[in-house]
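Let's take a walk through this fold together, starting with how far to trust it and then looking at a few of its helices.

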Amino acid sequence: MSTDNIHNGHRQRKRERIKKYGADSLEDHELLEVLLYYCIPRKNTNPVAHKLLKEFGSLYELFSADYLDIADKGEISENAALFLTLTAEMAKKLNSKRLEKGEQLNTSKKAGAFCIDKLKFERVEVFCLLCLDAANRLINISEVNRGTATGVEIKARKLVELAVRYKAVKVILLHNHPGGNVLPSPEDVFLTNEAKRLLESVEIEVVDHIVVNEDSYFSFSERKMI
């Protein structure tokens with residue numbers, strides 16, 4: 001039997017398993033192996049999937065990486081690496097759109113979980129403003145600025161401009177500490193107080209400032225710091 005026939009039979013069995021039991025029935029390396037079918041048509045992708053996971057440590061780290069780094073460490077073509085990167089970007093955009101449908105963020109716990117979902121794939125520090133109506137329903141999420149892995153510069157007056165533009169009654173400040181501790185820095189505390197002062201001068205309430213990493217959050221409101 002030819003190598004092509006062996007690979008085709010294996011691929012078909014994987015696809016049938018997904019159809020019958022769903023993608024959740026596969027381990028991480030198997031999911032990656034199947035995804036690679038669509039950009040590596042004539043090669044056994046099982047060892048490629050194992051190599052990529054060994055090099056990057058997890059699916060999360062792999063799909064957060066630059067495509068050139070994926071191509072180099074995985075010893076795959078740039079086109080195949082770009083396919084993986086674009087797949088991750090599509091998932092991020094779909095997740096972002098799902099999060100912008102009038103979610104009611106009326107508790108710190110709900111807001112914290114929501115904010116983790118919003119920024120958990122980011123590898124640099126991002127600052128966002130969540131604009132809410134009087135019932136704490138989400139009106140808009142604005143990315144205010146994007147920085148490096150260790151910091152981002154924000155002007156409090158820009159937050160006021162955005163909040164007024166979207167007719168917010170309340171706002172939540174949000175930023176991430178990618179790969180780091182969620183405890184706020186002195187600069188975070190200063191910005192929170194300055195933003196609160198300016199926004200309240202135009203009768204917009206700052207209900208929280210939430211700092212997140214990949215799986216946890218810090219709420220200024222829960223800690224009675226706002």
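## Confidence

pLDDT is the predictor's confidence in each residue, from 0 to 100. It matters here as this is a predicted model. The mean pLDDT of the protein is 88, with 90% of its residues at 70 or more. Confidence is lowest in helix H1 (residues 3-21), where the mean is 76, and highest in strand S5 (residues 217-219), where it is 98. As a reading tip, predicted coordinates should not be read in detail where pLDDT is low.

## Overall layout

The secondary structure comprises nine helices and five strands. Following the sequence, you will meet them in the order α-α-α-α-α-α-α-β-β-α-β-α-β-β. The C-alpha trace spans about 75 × 35 × 30 Å along its principal axes.

Of the 226 residues in the protein, 41% are buried. Among contacts with a separation of 6 or more, 60% are between residues 24 or more positions apart.

## Helix H5 and its partner H3

Have a look at helix H5 (residues 67-74), whose buried residues are Ile 70, Ala 71 and Gly 74. Seen down the axis of H5, these buried residues fall within an arc of 100 degrees, so they line one face of the helix. At the N-terminal end of H5, Asp 66 acts as a cap, with a side-chain oxygen 2.9 Å from the backbone nitrogen of Leu 68. Just after the helix, Glu 75 has a positive phi of about 55 degrees.

How do H3 and H5 pack, and at what angle? Helix H3 (residues 46-56) meets H5 at an angle of about 115 degrees, and their axes are 9 Å apart. The crossing of this pair, H3 and H5, is right-handed. On the H3 side, the residues in contact are Lys 51, Leu 52, Glu 55 and Phe 56, and they meet Asp 69, Ile 70, Lys 73 and Gly 74 in H5. Ile 70 and Gly 74 thus appear twice in this picture: they are buried residues of H5, and they also take part in the meeting with H3.

## Helix H8 and its surroundings

In helix H8 (residues 156-165), the buried residues are Ala 156, Leu 159, Val 160, Leu 162 and Ala 163. They cover an arc of only 170 degrees around the axis, which puts them on the same side of H8. Arg 157, Glu 161 and Arg 165 are exposed on the other side of H8.

What do the buried residues of H8 pack against? Their partners are strand S1 (126-132), strand S2 (138-146), strand S3 (170-176) and helix H9 (186-200). Just after H8, Lys 167 takes a positive phi of about 55 degrees.

Note on methods. Residues numbered from 1 in each chain as written. Predicted model: local features only at pLDDT ≥ 70, side-chain atom pairs only at ≥ 80, totals over all residues. Heavy atoms only, no water. Buried < 20%, exposed > 50% of the residue type's maximum accessible area, 1.4 Å probe, protein only. Helix = DSSP H or I, 4+ residues; strand = E, 2+ residues; numbered from the N terminus. Arc of directions from axis to C-beta. Polar contact = N/O pair within 3.5 Å; in protein donor to acceptor, adjacent residues only side chain to side chain. Axes fitted to C-alpha atoms, helices over the stretch in contact; angles between N-to-C directions. Left-handed = near helix turned anticlockwise from the far one by under 90°. Contact = heavy atoms within 4.5 Å.
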